[in-house]
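Let's take a walk through this structure together. Keep the 3D view open and turn it as you read.

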Amino acid sequence: MQHAISISGLSKVYDSGFTALHGVDLDVRTGEILALLGPNGAGKTTLISIVCGIVNPSGGSVTVQGHDIIRDYRAARQLIGLVPQELHVETFETVWDTVNYSRGLFGKSPNRALCEQILKDLSLWEKKDNKILQLSGGMKRRVMIAKALAHEPKILFLDEPTAGVDVELRKDMWQLVRRLRENGVTIILTTHYIEEAEEIADRVAVINKGRLIVVEEKTELMRKLGKKQLTLELSENIGPLPEALAVYDLEVEDGGRRLVYHYDTQAGRTGIGSLLADLNRSGIAVKDLDTEQSSLEDIFVSLVEEAR
């Protein structure tokens with residue numbers, strides 16, 4: 001099966017000598033939502049800029065639905081929509097004119113029905129005759145997305161699309177992203193809101209210092225690297241741990257009134273049953289218990305720290 005994007009051995013060294021990307025290999029599947037995560041300066045924007053034809057690579061190759069971004073850049077660029085981090089819009093143009101102009105830039109004939117639908121999907125239709133300068137920051141961000149969609153791209157890059165957008169607008173954009181994916185659009189998303197990736201991504205790629213650390217199905221990544229813990233609230237202060245409990249990975253908290261048990265998410269047996277039995281045999285009464293699992297943010301932080 002042909003991938004939406006195939007990246008092989010991609011590197012970027014700037015004139016200053018700084019290496020932004022070190023031999024990156026990545027295949028983006030057609031129709032998926034891929035979250036590209038990494039700290040500031042990790043290489044996310046450089047990677048996107050190369051694929052979109054804004055920055056020249058120093059080495060390696062990139063194809064977009066089989067079109068090489070250097071040899072066949074026109075065909076490759078036609079397939080891509082880009083919503084950059086920075087707001088780049090003509091302040092004195094209307095929303096309608098801005099979106100239609102973007103479509104024309106790609107040599108597409110006017111399509112009023114399509115542009116109307118895009119603006120309605122983004123809750124911009126009532127603002128179509130407003131000048132950009134009259135819009136809020138969140139509305140300007142939506143105009144950027146409308147511009148990127150105007151030429152009907154098959155692949156959409158969203159580089160921090162919800163930066164500075166309130167929670168309600170952010171959730172609206174999540175719904176839009178899902179609808180686009182349902183219509184066959186491949187989406188690559190970078191975000192600082194890791195709950196955003198946890199909510200909508202199919203796969204997660206983590207990049208740090210110009211190197212891909214991991215590329216994995218989101219659910220599989222959380223299964224393999226996530227940690228689970230059981231918190232036990234005790235009826236009385238436990239004092240020193242009984243010898244029978246020494247075999248468990250236990251932490252004593254709150255002056256001996258709380259035990260925290262960490263267990264392997266991939267193990268066939270969690271050990272919780274035997275722990276509770278040993279607590280009972282040791283005469284330790286449990287008042288309440290609670291379980292927690294690592295979030296994608298926890299996993300991301302641990303991966304980046306390990307890669308330092």
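What follows goes through the sheets, the helices that pack around them, and a few spots in the loops. Keep in mind that this is a predicted model.

Let's begin with the sheet of four strands. This one is open, its strands come in the order 2-1-4-5, and the pairing is antiparallel. At the edges you'll find strand 2 (19–28) and strand 5 (67–68); each has a single partner strand, so one side of each is left without a neighbour in the sheet. Now look at strand 1 (residues 5–13) and strand 4 (residues 59–64): they run antiparallel and are joined by five bridges. To pick out one of the pairs, find serine 11, whose bridge partner in strand 4 is glycine 59. As a reminder, strands of a sheet pair through backbone hydrogen bonds, either parallel or antiparallel.

A helix goes with this sheet. Helix 1 (residues 44–51) lies across strand 1, strand 2 and strand 4, and runs at about 115° to strand 1. Is this helix enclosed or open to the outside? Seven of its eight residues are buried, so helix 1 is largely enclosed by the rest of the structure. The buried ones are Lys44, Thr46, Leu47, Ile48, Ser49, Ile50 and Val51. Just after helix 1 comes glycine 53, with a positive phi of about 80°.

Now move on to the other sheet. Here six strands form an open sheet in the order 6-7-8-3-9-10, and this time the pairing is mixed. Strand 6 (80–83) and strand 10 (211–217) are the ones at the edges, and since each has a single partner strand, one side of each is left without a neighbour in the sheet. From one strand to the next, the twist averages 15°. Over at strand 10, six bridges tie it to strand 9 (residues 203–208), and the two run antiparallel. Look there for asparagine 208, which stands opposite arginine 211 in strand 10.

Helices pack on this sheet too. Helix 5 touches strand 6 and strand 7 (155–159), and its direction makes about 170° with that of strand 6. Helix 6 (residues 167–182) lies across strand 3 (33–37), strand 7 and strand 8 (186–190), running at about 150° to strand 8.

Helix 5 also has a helix for company. Two packed helices are described by the angle between their axes and the distance between the axes. For helix 3 (residues 95–105) and helix 5 (residues 137–149), the axes come within 7 Å and cross at roughly 30°. That angle is under 35 degrees, and the two helices are therefore roughly parallel to each other. The crossing of helix 3 past helix 5 is right-handed. Where do they meet? On the helix 3 side look for Val95, Thr98, Val99 and Ser102, and on the helix 5 side for Val143, Ala146 and Lys147. Sorted by class, this contact has four nonpolar, two polar and one charged residues.

Last, two loop residues deserve a look. Serine 123 sits in the loop between helix 4 (112–121) and helix 5. Its phi is near 55°, a positive value in a residue other than glycine, and serine 123 is partly exposed, with a relative accessible area of 43%. Glutamate 152, in the loop between helix 5 and strand 7, has a positive phi of about 60° although it is not a glycine. At 39% relative accessibility, glutamate 152 also counts as partly exposed.

Key
Residues are numbered from 1 along each chain as its sequence is written. This is a predicted model: local features need pLDDT of at least 70, side-chain atom pairs count only at pLDDT 80 or more; totals for chains, interfaces and linings use all residues. Side-chain values use heavy atoms; hydrogens and water are left out. Two strands pair if DSSP finds at least two bridges between them. Contact means heavy atoms within 4.5 Å. Axes are lines fitted to C-alpha atoms, for helices over the stretch in contact, and angles run from 0 to 180 degrees between N-to-C directions. Angles under 35 degrees count as roughly parallel, over 145 as roughly antiparallel, 65 to 115 as roughly perpendicular and the rest as oblique. A crossing is left-handed if the near helix is turned anticlockwise from the far one by less than a right angle, and right-handed if clockwise. Ala, Val, Leu, Ile, Met, Phe, Trp, Tyr, Cys and Pro count as nonpolar, Asp, Glu, Lys and Arg as charged, and the others, Gly among them, as polar. Buried means under 20% relative accessible area, exposed over 50%, partly exposed in between (1.4 Å probe, protein chains only).
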